[in-house]
Amino acid sequence: MYTRRLFQSRQGCAQLGAFSGLQTVVGDSSLYGLCLQSRYFSGEDSKKRGGSLIKKLEQEQVVAVMGGQWGDEGKGKLVDILGGNYDIIARCAGGSNAGHTVVVEGKKYAFHLMPSGILHQTNTCLIGNGVVLHIPTLFRELDSLDKQGIKYEGRIKLSDRAHVVFDFHQEVDALQEEDAKKGASDKSIGTTKKGIGPAYASKINRIGIRVGDLRFPETLEAKIANLANYYKKIYPALNVDPKAEAEKYIEWGKKIDHMIVDSVDYINRAYDAGKKIMIEGANATMLDIDFGTWPYVTSSNASIGGAITGLGIAPNKIDGVIGIMKAYTTRVGAGPFPTELTNEIGDKMRAVGHEYGTTTGRPRRCGWLDTVAMRYTHKINNFATLNLTKLDVLSDLDEIKIGVAYKHNGKVLDSYPSSLEVLNNITVEYETFPGWKSDISKIRFLEELPAACLKYVERVEELVGCPIGWVGVGPGREAMAVRKPE
Ligand code: GDP
Ligand code: IMO
Ligand code: MG
């Protein structure tokens, strides 16, 4: 029996609670997230009102986990922690550009296409229609699961409506990036070169191939030829043999046939049967094709809208959105980064936080927390509660800054700028906090963080206007400080 839809009203925002899934990880503690009806509230307010307003989030049927910055916030870790509490973990967007890391008992797992709940061995992992699927990468991930002894037979479902990423999409991605580097200024995006942009472009151009097409061998070659010809006109040197490709994909289609489902029917039937569903976002809101720092974005809706279009689940079936935000900011690839630190503090964040891409190994650009961007992504996703991750990475700093406002031509901006011309000419206003200079990695309750650290967390809650329910204090599954139950 599921009581309400957090999406339906601001009122509903107050109705949060505990995930018992977490109890398997942190003993008898539960998460209590706090949420108030006003956009801005004080940490004190959130504590006072918490007792009467909190309901157990564990009772929610459908919850989405979305990145609130420029990616790599630690989505995979929370999905893994909570994943045992859900029947279905569903990826809704992106492709193998994502790299979600999970660390269990010192062992590191990196997922690109596979939902991060796979380790629980009890749930079903769905790759939704909004995902673009590179089949060789899927096979590599399955191999790796085999090697690690993770049982997945019967547990992985692939949407028949998901589009296929071909190797030539990846080649086109690289060629586009090379072209963009030519000329007076480098206009390359710094993509992961996983073929994401070209694959979504093929989908929008209505010439792409879908996973379900692999079930119809007699028409596949012609479809591939049509798609390849489109790209060959732009890049004549591109070497694609449609017949050979079709033969390969027909074989691969047979290998994955047992996993292919009508995912829209699958997820909605599961919903009707009362199954609990966790939606795993990939990439992040500041990389969203509509809302991100365009054109320095990925090619899908990496915010809550992508959960709906990427799974065929109606908005009022989603009970709440959990926002994942790092305690500082990182970004991989090119594009605006107003709070970036190109100095020794940024270098220290990179070294301590191991800020190197999970997918490409590239060093991540690092900087202070940007609450202007966070307020903006909260507006788009209406987060019920946040997981502030990697707070431990800041533990050694003497002082810590938070970006609180953007100024352009001497005026504070009241919304997130859409154009590069503005973004490239803003100055950031900061608040400065003393560091806590102590190890927080063993702390399991948010209230037990050192005073200076708690002050930082509560100021972030105020500035973003959203409660923080979890604080990441280390990479491991167990390294999470949660709000104490009242
Ligand atoms: P995702 O793409 O959002 O799932 O994030 P990534 O896995 O790409 O990047 C997050 C990185 O930080 C991974 O290496 C995680 O193991 C690590 N991580 C996650 N949470 C924490 C945390 O609270 N503290 C520390 N030190 N590392 C964390
Ligand atoms: P997760 O899910 C960080 C970035 C790329 C590049 C831009 C476009 O691990 O958080 P693309 O290959 O998607 O065309 O690249 O988007 N990007 C990510 N950055 N984490 C990700 O995913 C990303 N997915 C894409 O670095 O700047
Ligand atoms: Mg990542």
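These legends walk you through several close-up views of a predicted model.

**Figure 1. The whole chain at a glance.** The protein chain holds 14 helices and 20 strands. Of its 486 residues, 49% are buried. Among contacts with a separation of 6 or more, 77% link residues that are 24 or more positions apart, so keep an eye out for partners from distant parts of the sequence as you look through the later views.

**Figure 2. How confident is the prediction?** The mean pLDDT of the protein chain is 90, and 88% of its residues reach 70 or more. Over residues 1-42, however, the pLDDT is below 50, although the model gives this stretch 121 contacts beyond near neighbours in sequence. Residues 47-55 also stay under 50, with 15 contacts beyond four places in sequence. Where pLDDT is low, the predicted coordinates should not be read in detail.

**Figure 3. An open sheet built from 10 strands.** Follow the strands across the sheet and you meet them in the order β9-β7-β5-β2-β10-β1-β11-β15-β19-β20, with mixed pairing. The edge positions belong to β9 (260-261) and β20 (480-482); each has a single partner strand, so one side of each is left without a neighbour in the sheet. Helix α12 (residues 371-381) packs on this sheet, where it touches β1 and β11 (320-326). The direction of α12 makes about 165 degrees with that of β11.

**Figure 4. A parallel pair, β1 and β10.** Strand β1 covers residues 62-67 and strand β10 covers residues 277-280. The two run parallel and are joined by 4 bridges. To find your way, start at Ala64, which stands opposite Ile279 in β10.

**Figure 5. Strand β19 and its two pairings.** Here you can see strand β19 (residues 468-472), where 5 of 5 residues are buried. Strand β15 (residues 385-389) pairs with β19 in the parallel sense over 3 bridges. Look for Asn387, whose bridge partner in β19 is Trp470. With β20, in contrast, β19 runs antiparallel, and 3 bridges join these two strands. Val471 has Ala481 of β20 as its bridge partner.

**Figure 6. The surroundings of ligand 1.** The shell around ligand 1 contains 24 residues, and the closest are Gly74, Gly76, His100, Thr101 and Gly472. Two elements give two or more residues to this shell: α3 (75-83) and β3 (100-104). Sorted by class, the shell has 5 nonpolar, 13 polar and 6 charged residues. Helix α3 is mostly covered, with 9 of its 9 residues buried. Its buried residues include Lys75, Lys77 and Asp80, alongside Leu78, Val79 and Ile81.

**Figure 7. The surroundings of ligand 2.** Now turn to ligand 2, which has 23 residues around it. Gly71, Ala98, Thr192, Thr298 and Gly333 come nearest. This shell divides into 7 nonpolar, 14 polar and 2 charged residues.

**Figure 8. Arg215 and its partners from further along the chain.** Arg215 sits in the loop between α6 (196-204) and α7 (217-234). Is Arg215 buried, exposed or partly exposed? It has 14 other C-beta atoms within 10 Å, so Arg215 is partly exposed. Leaving aside neighbours within four places in sequence, Arg215 is in contact with Gly253 and Asp257. Arg215 and Gly253 are 38 residues apart along the chain, yet their C-alpha atoms are separated by 6.5 Å.

**Figure 9. Unusual backbone spots in three loops.** Some background helps here: most residues other than glycine have a negative phi, and most peptide bonds are trans. Glu105 is not a glycine, but its phi is positive, at about 50 degrees. You will find Glu105 in the loop between β3 and β4 (107-111). Glu105 is exposed because just 7 other C-beta atoms lie within 10 Å. Lys437 has a positive phi too, near 45 degrees, and lies in the loop between β18 (427-434) and α14 (451-464). Lys437 counts as partly exposed, with 13 C-beta neighbours inside 10 Å. Lastly, the peptide bond from Trp294 to Pro295 is cis, with omega near 5 degrees. Pro295 belongs to the loop between β10 and α10 (304-309).

Notes
Residues numbered from 1 in each chain as written. Chains lettered and ligands numbered in written order. Predicted model: local features only at pLDDT ≥ 70, side-chain atom pairs only at ≥ 80, totals over all residues. Near = placed C-beta within 6 Å. Nonpolar A, V, L, I, M, F, W, Y, C, P; charged D, E, K, R; others polar. Buried ≥ 20, exposed ≤ 12 C-beta atoms within 10 Å, placed from the backbone. Contact = placed C-beta atoms within 7 Å. Pairing = 2+ DSSP bridges. Axes fitted to C-alpha atoms, helices over the stretch in contact; angles between N-to-C directions. pLDDT = per-residue confidence, 0-100.
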